[in-house]
Amino acid sequence: MGEIRKRFQSKDIFFNNGIVNLYSFLKKNDFDCNVELNSSFCELCFDEDIEDELYFYILKEFFKEYKIVHQTKNDRWYFDEKRAEFILDKKWDVVGKSSGNDVLSGVYSYKSIDELGLSVEEIRDKFLSFCQKYNLKSYEKDISKIPNKKNQVIVALTLDEAIANFTKYFVSSDKLNLDSKIHIFEDGQGSFHGMTRVPKSYKIDRWEALVYWFGTRVQRFYNYSYFIYPNSLDLNALLVFKRFLKISDESAKFRDKSGELKTIGTNIDFYTQLSKDGIENPNFYISKSEEEFEIKFFVYLYSIISHIEEQYERAKGRRVERKKEIYDTLEKMSFVVYTDDGTFKTSFSEYTKAYRLIEFFEILKKEGLFDYIADILVTFSMSQGGKEVNVNLQKYARKFLGFSNLRGEYYLCSFNILKNSSKPFGGKLFEFDRLYVKYIIGESDMNIYQQSKKLGDGIGHYCAELEDKDLLFKLRGIKNYKQLIAYFKDLKFSILKNDSKAKFSKEFNDTLSEVLEEIEPNWELVRDYIAIYAIDKYRAVTYAKSNRGER
C-alpha cells in the first residue's frame, strides 16, 4: 500500500486562498489524511487506496458545510418513493451554478415509472389526488408533463442524496476544464481565464479544481456584487490573517431602531464592530461602488485591529505581542477586489497599500477622528439623490485609497450639499484634512489653508445672516486668478450695500488683506477651501437659526 503526496504551491489569489481555506477545513474536520502548511506550499498525504473515497468525502462535506447545495424558500412537487405519492417540498439550488442545468442535471433525480412500478394512468391519478388534497389547482396544468418525454418523474431527495448527485456531476474525471462550473463567478463566469492567465483549453487536476473551489466561493468579503479576497504569497501569513478576521460567509444582520432584525447584503458585521468606535449610521453599511466598499472594509479592518486589547484585557504582554503579529502580517498582505456591475462587465484590482492606510487610521484614532471617516462618507452619500452611483463619492474613495489630494472632491460635494440642503461636513473637516495633508500628501505649512478657512467661515456666516446663497454659488463660477479677485471686489461691494444687516469682523478683513498679498500662485486652493468652509458654515448657521425659529 503506497502513499500519495499532493503538494499545492502558492500561485494566484484564488489558489492561495483555496490552499489556506482547504488547510483550515481539513484541520477542523476529521479526515483520514495528514496535512502540513508552510509559507510557500501545502502538502496533503494519504494512503493510495483511499484517494477517491477521501476526495469525494472532502468535496461532499464542503458542499454541506458551506451550503453550496441547498434548498430554497420556493416549493415544487416531487414523487416520494417511500410513500408512493406526490409531495410538496422546497426546490434545490446550487451556489455559483453556471446555469440552471447545474441544478436540473446535477442535483435532481429522475426515475422512470417502470422503475416505480406504475403505469401512466396510475402516476397521473396520484398527481391529481395530490393537487386536490392540497388544493393546488395551479399545478393541475402540469398533468400533461407527467411523466415526461422519457417516461420519468422527479423524485424527492434528502440533503445527502442531493449532495451525492451534485458531487458525481461536478467531478466527472481526473482532469477538468477550466471553463467550468468549478470556476464561475457571480456574473456568469466571464474572465476567470484572464485572471489566472491560462488558455481556455487548459485542464487541471481534480485536486487543483478542489483548491480553486475553496478559494473562489468561500471565506471572502462581499457586498452585493463586490468581493474582497485577502491575499499573500506567504501562505502562513495569509492563514494567520484570515483566522484573525474570522470571516463568516453568512450575510450580516442588525436591529434597526424599531427592534426589527434586518439582513443586509454583506457578510461584514459593520454594526457590531464599528459601534465600538461610535459608528452606528445604517447608511454606512451599504456601498454602491467597489471603491466605497473597499474603503469601508479597511475602516472595519482597522477597528478590529485597534480593539485587540479587549480580547487580552488581563494579559498586557499577549496584547502587545498579538498586535505586533497582526501588523507584521499586514505588511505581507494585499487585497484583491473582484467586481461585477450587473452588466457582465467585471473588474479586477489589487490593493497593496493597506499597511500605510492602517497607519494613517492609527493617527486619526489618537486624534479622536477615526469615526469621522464615516461622517464624511455619509455626507458624500447624502449629498446626491437618486439610486445611481454617486460619482463624487466614488472618486473620493478612489483618491483616498490612492493617497491623492482630496480637496477637489470636498469642493464639488459642497455645492451638492448647498443645492440639496443635505448634511454638511461639520466642524471636524479641517482637522481631518490637516492630518491627511500632513501625513499623506506631505505638506506641513498649513497657513494658507487656515487663512482660507477663516475667509470661508466669515463668508458663510455673512450669507446666512443675509439669507442669500448668491455669493456662495458665485464661487463655483471662478475659473482663474482674475475672477477670484473680481469675486472679492463683489464681496466688498456687498459689504457696503448690506452694512446695516450683516458685518465682517476685523479678523476677517485682516485675513483677507493678508491672503490677497500671496493669492496668485494659490488661487485655486484658496477658492476651493473658501467654498468648502463657507458652505459648511452657511448650513450650520441656517440650521441653528431654523431651530431657534428665526426667519
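**Group meeting: burial, charge pairs and backbone exceptions**

In helix 8, the buried residues are Arg 206, Trp 207, Ala 209, Leu 210, Val 211, Tyr 212, Trp 213, Phe 214, Gly 215, Thr 216 and Arg 217. Buried here is under 20% relative accessible area, exposed is over 50%, and partly exposed lies in between, with a 1.4 Å probe and protein chains only. The areas themselves come from the Shrake-Rupley method with that 1.4 Å probe, and for residues only the protein chains shown count as cover.

A word on the source. This is a predicted model, where local features need pLDDT of at least 70 and side-chain atom pairs count only at pLDDT 80 or more, while totals for chains, interfaces and linings use all residues. Residues are numbered from 1 along each chain as its sequence is written, and side-chain values use heavy atoms, leaving out hydrogens and water.

Back to helix 8. Helices are DSSP runs of H or I with at least four residues, strands are runs of E with at least two, and both are numbered from the N terminus. Helix 8 covers residues 206–217, and 11 of its 12 residues are buried. How far apart are the end C-alpha atoms of helix 8? They are 16 Å apart, which agrees with the 16 Å expected for 12 residues at 1.5 Å a residue. The expected span is 1.5 Å times one less than the number of residues.

Next, the salt bridges. The criterion is a side-chain nitrogen of Lys or Arg within 4 Å of a carboxyl oxygen of Asp or Glu. By this rule the count is 29 salt bridges. One of them joins the side chains of Asp 205 and Lys 6, at 3.9 Å from N to O. That pair links distant parts of the chain: Asp 205 is in strand 9 (residues 203–205) and Lys 6 in strand 1 (residues 3–9), 199 residues apart. Are these partners buried or exposed? Asp 205 and Lys 6 are both buried.

Arg 83 and Asp 80 also pair, with their closest N and O atoms 3.9 Å apart. The two ends differ in cover: Arg 83 is partly exposed, because its relative accessibility is 47%, while Asp 80 is buried, because its value is 13%.

The third pair is Lys 324 with Asp 328, at 2.7 Å from N to O. Both lie in helix 13 (residues 316–330), four residues apart, about one turn of the helix. An α-helix has 3.6 residues a turn, so residues three or four places apart point the same way. Lys 324 is exposed, because its relative accessibility is 51%, and Asp 328 is partly exposed at 33%.

There is also a network of salt bridges, linking Glu 3, Arg 5, Arg 7 and Glu 43.

Now unpaired charge. Which residues gather in a patch of negative charge on the surface? They are Asp 30, Asp 32, Asp 47, Glu 48, Asp 49 and Glu 53. Patches are built from residues with over 30% relative accessible area and no salt bridge, joining like charges within 9 Å and nonpolar side chains (Val, Leu, Ile, Met, Phe, Trp, Tyr) within 5 Å. Asp and Glu count as negative, Lys and Arg as positive, and His and the chain ends are not counted. A charge is placed at NZ of Lys, CZ of Arg, CG of Asp or CD of Glu. Within the patch, Glu 53 belongs to helix 2 (residues 51–65) and is exposed, because its relative accessibility is 61%.

On to the backbone. Most residues other than glycine have a negative phi, and most peptide bonds are trans. The bond between Ile 146 and Pro 147 is cis, with omega about -10°. Pro 147 sits in the loop between helix 5 (120–133) and strand 7 (152–155).

Lys 246 is not a glycine, yet its phi is positive, about 50°. Lys 246 lies in the loop between helix 9 (235–245) and strand 12 (253–255) and is exposed at 66% relative accessibility. Glu 467, also not a glycine, has a positive phi of about 55°. Its place is the loop between helix 19 (447–466) and helix 20 (470–474), and Glu 467 is partly exposed at 49%.

Last, two separations. Tyr 533, in helix 23 (residues 523–547), is buried at 4% relative accessibility. Its C-alpha atom is 54 Å from that of Asp 93, 440 residues apart along the chain. Leu 484, in helix 21 (residues 481–497), is buried at 0%. The C-alpha atoms of Leu 484 and Ser 275 are separated by 44 Å, with their positions 209 residues apart along the chain.
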